[in-house]
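Here are my notes on this one, written as numbered points. Have the model open while you read.

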Amino acid sequence: MESTVGDLLDFLKSQREETGSSAASNLATAVKKVFETVEGTKWRSVAVDLVDPDDYSRQFVEKSRLQKRTKDQYRSRFKKALALFREQDPEPIASRGVATRGAPAEARRAPTQEYHIPLLESQATATLKLPVDLRVSDAIRLGNFIKALAVDAPSEVDRLVGRASAT
C-alpha cells in the first residue's frame with residue numbers, strides 16, 4: 001500500500017509535536033498548497049511514493065498565481081517535506097498502519113476496516129479507514145478533528161480555497 005499526502009501531513013504533524021518547532025507547520029502548509037494547486041480537490045489521496053518533486057514543483061510554479069518569492073518558498077519547503085518523509089523510513093507509512101511513538105510493532109499493524117459514508121449536502125462519499133479496535137478516546141479525537149474541518153457557509157469555503165467571495 002502506498003503512502004498518501006494525508007500520511008505525509010500526519011508525519012509533519014508528528015514532527016511538529018515532537019520538536020515544538022513551527023518549521024514542520026511551514027512544510028505542511030507548502031505541501032497542501034502545492035498539491036491543491038497541481039491536483040485540485042482530490043489532492044489528499046495522491047500517492048506520495050509516486051510523486052516526482054521536480055515535476056510537481058514545475059507544475060505548481062506554472063499554475064499558481066502567487067508571487068515569485070512565495071512560489072520559491074513553497075517549492076523549496078515542498079521538496080524538503082517530501083525528502084524528510086521519504087528518509088524517515090523506507091517502508092511506506094500506509095503499509096505500517098498508524099503508530100504512536102514507542103508503540104510495539106504489533107500495535108502499528110493493527111487490522112483496519114474501511115467505511116464509506118455518504119455525505120448528505122455535497123452528495124460525496126467520505127471514506128474512513130479505521131482500526132477495528134478503535135478506542136472511544138480516539139473516536140472522540142477523530143470526531144473533533146472532522147468538526148474542525150467542517151464549514152457552514154459557502155463564502156467560508158471560498159475563502160479557504162482562495163476564491164473570491166461572490167458577495
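1. Start with the contact between the first two helices of this predicted model. On the H1 side, the residues involved are Val5, Leu8, Leu9, Leu12, Gln15 and Arg16. Their partners in H2 are Ala24, Ser25, Leu27, Ala28, Val31, Lys32 and Phe35. Sorted by class, this H1–H2 contact comes out at nine nonpolar, two polar and two charged residues.

2. Now the geometry of that pair. H1 covers residues 5–19 and H2 covers residues 23–39. Their axes are 8 Å apart, and the packing angle is about 165°. Angles over 145 degrees count as roughly antiparallel, so that is the label H1 gets relative to H2. As for handedness, the crossing of H1 and H2 is left-handed.

3. H2 also packs against H4, which spans 68–88. How do the axes of H2 and H4 cross? They do so at roughly 105°, coming within 8 Å. The range from 65 to 115 degrees counts as roughly perpendicular, and H2 and H4 are therefore described that way.

4. Who makes the H2–H4 contact? From H2 you have Asn26, Leu27, Thr29, Ala30, Val31, Lys33, Val34 and Phe35. H4 brings Tyr74, Arg77, Phe78, Lys80, Ala81 and Leu84. The class tally here is nine nonpolar, two polar and three charged residues. Worth a look while you're there: Leu27, Val31 and Phe35 of H2 are on the list for H1 and also on the list for H4.

5. Next, H3, which runs over residues 53–63. Which of its residues are buried? Tyr56, Ser57, Gln59 and Phe60 are. These residues sit on the same side of H3, because they cover an arc of only 165° around the axis. The cover over the buried residues of H3 includes H2 and H4.

6. Last, pick out leucine 84, which lies in H4. Is leucine 84 buried or partly exposed? Buried would need under 20% relative accessible area; leucine 84 has 33% relative accessibility, so it counts as partly exposed.

7. Leucine 84 is also a good place to see distant parts of the chain come together. Leaving aside residues up to four places away in sequence, leucine 84 touches Phe11 and Leu27. Phenylalanine 11 is 73 residues away from leucine 84 along the chain, yet their C-alpha atoms are separated by 9.3 Å. Leu27, the other partner of leucine 84, is one of the H2 residues that meet H1.

Conventions. Residues are numbered from 1 along each chain as its sequence is written. This is a predicted model: local features need pLDDT of at least 70, side-chain atom pairs count only at pLDDT 80 or more; totals for chains, interfaces and linings use all residues. Side-chain values use heavy atoms; hydrogens and water are left out. Axes are lines fitted to C-alpha atoms, for helices over the stretch in contact, and angles run from 0 to 180 degrees between N-to-C directions. Helices (H or I, at least four residues) and strands (E, at least two) are DSSP runs, numbered from the N terminus. Angles under 35 degrees count as roughly parallel, over 145 as roughly antiparallel, 65 to 115 as roughly perpendicular and the rest as oblique. A crossing is left-handed if the near helix is turned anticlockwise from the far one by less than a right angle, and right-handed if clockwise. Contact means heavy atoms within 4.5 Å. Ala, Val, Leu, Ile, Met, Phe, Trp, Tyr, Cys and Pro count as nonpolar, Asp, Glu, Lys and Arg as charged, and the others, Gly among them, as polar. Buried means under 20% relative accessible area, exposed over 50%, partly exposed in between (1.4 Å probe, protein chains only). The arc is that of the directions from the helix axis to the C-beta atoms.
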